[in-house]
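Please study the model displayed below before attempting the exercises. Each task is followed by a worked solution.

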Amino acid sequence: MSEELEPVWAVAANVVLWRRYGDLGQELRPGTKAYRGGAKVFVASAYVGMGHEQLTTIGRGRHTGRWITIDTATRHLHGFRAKLVYTPAVLRRYAQVTWWPVRTEEEAVEYAALLERIAVEQRASYHGGPHPDPCLCHECLSRG
């Protein structure tokens with residue numbers, strides 16, 4: 001029995017290729033533990049009371065390639081954008097975990113812009129030390 005799922009507007013983003021890690025952010029690691037660097041994920045919900053520091057995301061897992069739903073730090077994502085989602089596996093997971101669905105393209109665009117600002121601020125302020133030399137983090141790669 002195949003159920004027909006309606007497409008929904010959601011916010012999509014990509015996982016940073018490299019992230020700072022460890023004491024003062026002097027170590028670099030590719031992607032995150034759950035996602036490969038550059039992987040596309042969909043934002044299902046956010047922890048608003050925590051200043052959007054964590055997002056519930058849906059994407060293809062690093063090790064299995066299967067669809068997973070996991071909480072991810074906002075600073076590990078970039079390129080937030082509005083996207084009309086048609087993929088049945090994503091739509092089913094989205095319906096299960098979202099508590100504040102985006103209803104229109106305009107809402108998705110506004111929410112994506114907000115999350116992008118927050119991600120940039122968090123990447124800049126999370127690690128207190130200087131960047132390692134050479135640095136491959138998202139901020140350094142996007143500058144030059």
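**Exercise 1.** In which order do the five strands form the open sheet, and is the pairing parallel or antiparallel?

*Solution.* The model is a predicted one, in which local features need pLDDT of at least 70, side-chain atom pairs count only at pLDDT 80 or more, and totals for chains, interfaces and linings use all residues. Residues are numbered from 1 along each chain as its sequence is written, and side-chain values use heavy atoms, with hydrogens and water left out.

Step 1: the terms. Helices (H or I, at least four residues) and strands (E, at least two) are DSSP runs numbered from the N terminus. Two strands pair if DSSP finds at least two bridges between them.

Step 2: the order. The open sheet reads E6-E5-E4-E1-E7, with antiparallel pairing.

Step 3: the edges. Strands E6 (67-73) and E7 (77-85) each have a single partner strand, so one side of each is left without a neighbour in the sheet. From one strand to the next, the twist averages 40° (axes are lines fitted to C-alpha atoms, for helices over the stretch in contact; angles run from 0 to 180 degrees between N-to-C directions).

**Exercise 2.** Describe how E4 and E5 are joined, and identify the helices that pack on the sheet.

*Solution.* Step 1: the strand pair. E4 (residues 40-46) and E5 (residues 54-60) run antiparallel and are joined by five bridges. Val43 has Thr57 in E5 as its bridge partner.

Step 2: the helices. Helix H1 (residues 88-97) packs on the sheet and touches E1 (8-15), E4, E5, E6 and E7 (contact means heavy atoms within 4.5 Å). The direction of H1 makes about 50° with that of E6. Helix H2 (residues 105-126) also packs on the sheet, where H2 touches E1, E4, E5 and E7, and its direction makes about 165° with that of E7.

**Exercise 3.** Which residues touch the most other members of the largest nonpolar core?

*Solution.* Step 1: the term. A nonpolar core is a set of buried Ala, Val, Leu, Ile, Met, Phe, Trp, Tyr and Cys residues joined through side-chain atoms within 4.5 Å. Buried means under 20% relative accessible area (1.4 Å probe, protein chains only).

Step 2: the members. The largest core has 29 residues, and Val11, Val43, Leu55, Leu77, Phe80, Tyr111 and Leu115 touch the most other members. At least two residues of this core come from each of E1, E4, E5, E7, H1 and H2.

Step 3: one member. Leaving aside neighbours within four places in sequence, Leu115 contacts Val11, Val43, His52, Leu55, Thr74 and Phe80.

Key. Buried means under 20% relative accessible area, exposed over 50%, partly exposed in between (1.4 Å probe, protein chains only).
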